[in-house]
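Biologist: Could you take a close look at a single part of this model, describe it carefully, and then set it in its surroundings?

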Amino acid sequence: MTTEPSSSGAFLEIRNLCKRFPSGQQKLTVLEDFDLTLKHAELLAIVGRSGSGKTTLLNLIAGLDRADGGSILLEGRELIGLDDEDWVEVRQSDMGFVFQFNQLLPEFTALENVMLPGMLRSRDKQALESKAHDLLARMGMEHRASHRPTQLSGGERQRTAIARALINDPRLLLADEPTGSLDLESGQRVLELLFRLQKELKISCMLVTHNPALANLCDRIHQIESRSES
Ligand SMILES: Nc1ncnc2c1ncn2[C@@H]1O[C@H](COP(=O)(O)OP(=O)(O)OP(=O)(O)O)[C@@H](O)[C@H]1O
Ligand SMILES: [Mg+2]
């Protein structure tokens, strides 16, 4: 995508973002005049109470849901107002996603799961396979490449999901409680690998977590305040 450098030098700049959901006769205001800046290669923890709008925020950045107002600048390019086709393009070329439940496809091996998002963009299957192997190796998963998700532990599944999120060389990684379904020890191991890769590849990353110990390992923490119904 073509981009202009942001005046502030930020990678992602969110200003006055608003999101309301219908709630019976009323509207539930989840985000109001929400501001956030993410620098290049920064690892930002997003924390906040359940229901404060963390997932909503990631969905708005990813274009999976539409904002009611405000601005989202990705390297100076305004994303709010893009049509569906352009959003898909931005998502596929610039963003990677990791969710709490990894959403790996059960009928495919770990390697195939990692390759899948790449197949939408590249026809060179051999190069893609070698890249998927490399990412799995970086996540300490090379020895499990031919296993299916049901044959993997929870932590291994999340490590595979992270490799999958990185197959298209995203510049922005959005991770929504990627270790929320794991015990603390395997969660920590998964995040250590993620953090190392994020620094090596210089990816800007927003990580939603409920775990203060994990948030403290990030470069910076942004707390989302809960809003009340209006
Ligand atoms: N599609 C929707 N329709 C109506 N309300 C919604 C919708 N999606 C989210 N909400 C509401 O918006 C608020 C924020 O939800 P969100 O999922 O962003 O919270 P969260 O901070 O991610 O919480 P958690 O930590 O539990 O995952 C919640 O009160 C939720 O009920
Ligand atoms: Mg959530």
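Modeller: Let me begin where one helix ends: Gly-63, which comes just after H1, takes a positive phi of about 75°. Everything said here refers to a predicted model. The helix before that glycine is H1, residues 54–62, and it is largely enclosed by the rest of the structure, because seven of its nine residues are buried. Those buried residues are Lys-54, Thr-56, Leu-57, Leu-58, Leu-60, Ile-61 and Ala-62.

The start of H1 also brings us to the ligand. The shell around ligand 1 has 13 residues, and the ones that come nearest are Ser-50, Gly-51, Lys-54, Thr-55 and Thr-56. Within this group, Ser-50 places a polar side-chain atom 2.5 Å from an oxygen atom of the ligand, while Thr-56 places a polar side-chain atom 2.6 Å from an oxygen atom of the ligand. Gly-51 takes part through its backbone instead, with a polar atom 2.8 Å from a ligand oxygen. On its own, ligand 1 has 640 Å² of accessible area, of which the protein covers 59%. Two elements give two or more residues to this shell, namely strand S2 (26–38) and H1, and H1 gives the most, with three residues. Sorted by class, the shell holds seven polar, three charged and three nonpolar residues.

S2, the other element named for the shell, leads into a sheet. An open sheet of four strands runs in the order S2-S1-S4-S5 with antiparallel pairing, and S2 and S5 (77–78) are its edge strands, each pairing on one side only. Inside that order, S1 (residues 12–23) and S4 (residues 69–74) are joined in the antiparallel sense over five bridges, and Arg-15 stands opposite Ser-71 of S4.

A second set of strands meets at S8, where the pairing is parallel. Strands of a sheet pair through backbone hydrogen bonds, in either a parallel or an antiparallel sense. S3 (residues 43–47) pairs with S8 over four bridges in the parallel sense, with Val-208 in S8 as the bridge partner of Ile-46. S7 (residues 172–176) likewise pairs with S8 in the parallel sense, over five bridges, and here Leu-172 has Ser-204 of S8 as its bridge partner. The path from S7 through helix H6 (residues 184–201) to S8 makes a right-handed β-α-β unit.

S8 itself, residues 204–208, is mostly covered, with five of its five residues buried. In a regular strand the side chains alternate between the two faces of the sheet. In S8, accordingly, Ser-204, Met-206 and Val-208 point one way, Cys-205 and Leu-207 point the other way, and all of them are buried.

One further point links residues that lie well apart in the sequence. Ser-93 belongs to helix H2 (residues 84–94), and its relative accessibility of 15% means that it counts as buried, the cut-off being under 20%. Its C-alpha atom is separated by 7.7 Å from that of Asp-169, although the two residues are 76 residues apart along the chain.

To return to the part we started with, H1 combines two features: it is largely enclosed by the rest of the structure, and it gives the most residues to the shell around ligand 1.

Terms used: Residues are numbered from 1 along each chain as its sequence is written. Chains are lettered from A and ligands numbered from 1 in the order in which they are written. This is a predicted model: local features need pLDDT of at least 70, side-chain atom pairs count only at pLDDT 80 or more; totals for chains, interfaces and linings use all residues. Side-chain values use heavy atoms; hydrogens and water are left out. A residue is near a molecule or strand if one of its heavy atoms lies within 4 Å of it. A polar contact is a pair of N or O atoms within 3.5 Å; within protein, one must be able to donate a hydrogen and the other to accept it, and residues adjacent in sequence count only if both atoms are side-chain atoms. Accessible areas come from the Shrake-Rupley method with a 1.4 Å probe; for residues, only the protein chains shown count as cover. Ala, Val, Leu, Ile, Met, Phe, Trp, Tyr, Cys and Pro count as nonpolar, Asp, Glu, Lys and Arg as charged, and the others, Gly among them, as polar. Buried means under 20% relative accessible area, exposed over 50%, partly exposed in between (1.4 Å probe, protein chains only). Two strands pair if DSSP finds at least two bridges between them. A crossover is right-handed if, with the strands pointing away from the viewer, the path from the first strand over the helix to the second runs clockwise.
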